[in-house]
Amino acid sequence: MEARAAAAQPGPWKSWVEGWDFLSGSNFIQTGEGADRGDDIEMGGATAEDQDFIAAARQDIPRLIAEVRRLRALLNRTK
């Protein structure tokens, strides 16, 4: 998981859904921001909820990995 996250375009990723976040255009995921802005990701066949999940995963997966490492370290200290 960590290698896949590291290989992906830099975060944060933000989901933009027509009708929710703006009024015209197509749904997309914005990658990075400012000088680190990457290419937008457009996908077909995904629901808005699928797209929101995918965009959030860019931030969620590194946080999840860090939490698992933190908890493992706590467990190792108690052994």
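Select Lys-14 and Gln-30: Lys-14 stands opposite Gln-30 in strand 2. The model is predicted. Now show the two strands in full; strand 1 and strand 2 pair in the antiparallel sense over four bridges.

Stay on strand 1 and display its side chains. Trp-13 and Ser-15 point to one face and are buried, while Lys-14 and Trp-16 point to the other face and are not buried. In a regular strand the side chains alternate between the two faces of the sheet.

Next, keep Lys-14 and add the ring of Trp-16. Lys-14 lies over the face of that ring, 4.2 Å from the ring centre. Trp-16 counts as partly exposed, at 23% relative accessibility.

**The aromatic cluster**

A search of the whole structure finds two aromatic pairs. For the stacked one, select Trp-16 and Phe-28: the centres are 6.3 Å apart, with 15° between the planes. This pair links distant parts of the chain, with Trp-16 in strand 1 (residues 13-16) and Phe-28 in strand 2 (residues 28-31), 12 residues apart. Add Phe-22 to see its pair with Phe-28. The ring centres of Phe-22 and Phe-28 are 6.1 Å apart and the planes stand at 45°, so this pair is tilted.

With Trp-16, Phe-22 and Phe-28 all shown, the ring pairs link them into a cluster. Are Phe-22 and Phe-28 buried or exposed? Phe-28 counts as buried at 17% relative accessibility, and Phe-22 is buried with a relative accessible area of 19%.

**The salt bridges**

Clear the rings and turn to the charged side chains. The count comes to four salt bridges; the stops below include three of them.

Select Arg-69 and Glu-2, which form a salt bridge with the closest N and O atoms 2.6 Å apart. Arg-69 lies in helix 2 (residues 48-78) and Glu-2 in helix 1 (residues 2-7), so the pair ties together parts that are 67 residues apart in sequence. Glu-2 is partly exposed, with a relative accessible area of 42%.

Move to Arg-37 and Asp-40, whose side chains meet in a salt bridge at 2.7 Å, N to O. Arg-37 is partly exposed, with a relative accessible area of 40%; Asp-40 counts as partly exposed at 37%.

Finish in helix 2 with Glu-67 and Arg-70, where the side chains meet in a salt bridge at 2.8 Å, N to O. Because Glu-67 and Arg-70 are three residues apart in helix 2, about one helical turn separates them. Glu-67 counts as partly exposed at 32% relative accessibility, and Arg-70 is partly exposed with a relative accessible area of 44%.

Key:
Residues numbered from 1 in each chain as written. Predicted model: local features only at pLDDT ≥ 70, side-chain atom pairs only at ≥ 80, totals over all residues. Heavy atoms only, no water. Phe/Tyr/Trp six-rings, centres within 6.5 Å; stacked < 30°, edge-to-face > 60°. Buried < 20%, exposed > 50% of the residue type's maximum accessible area, 1.4 Å probe, protein only. Lys NZ or Arg CZ within 6 Å of the ring centre and 35° of its normal. Pairing = 2+ DSSP bridges.
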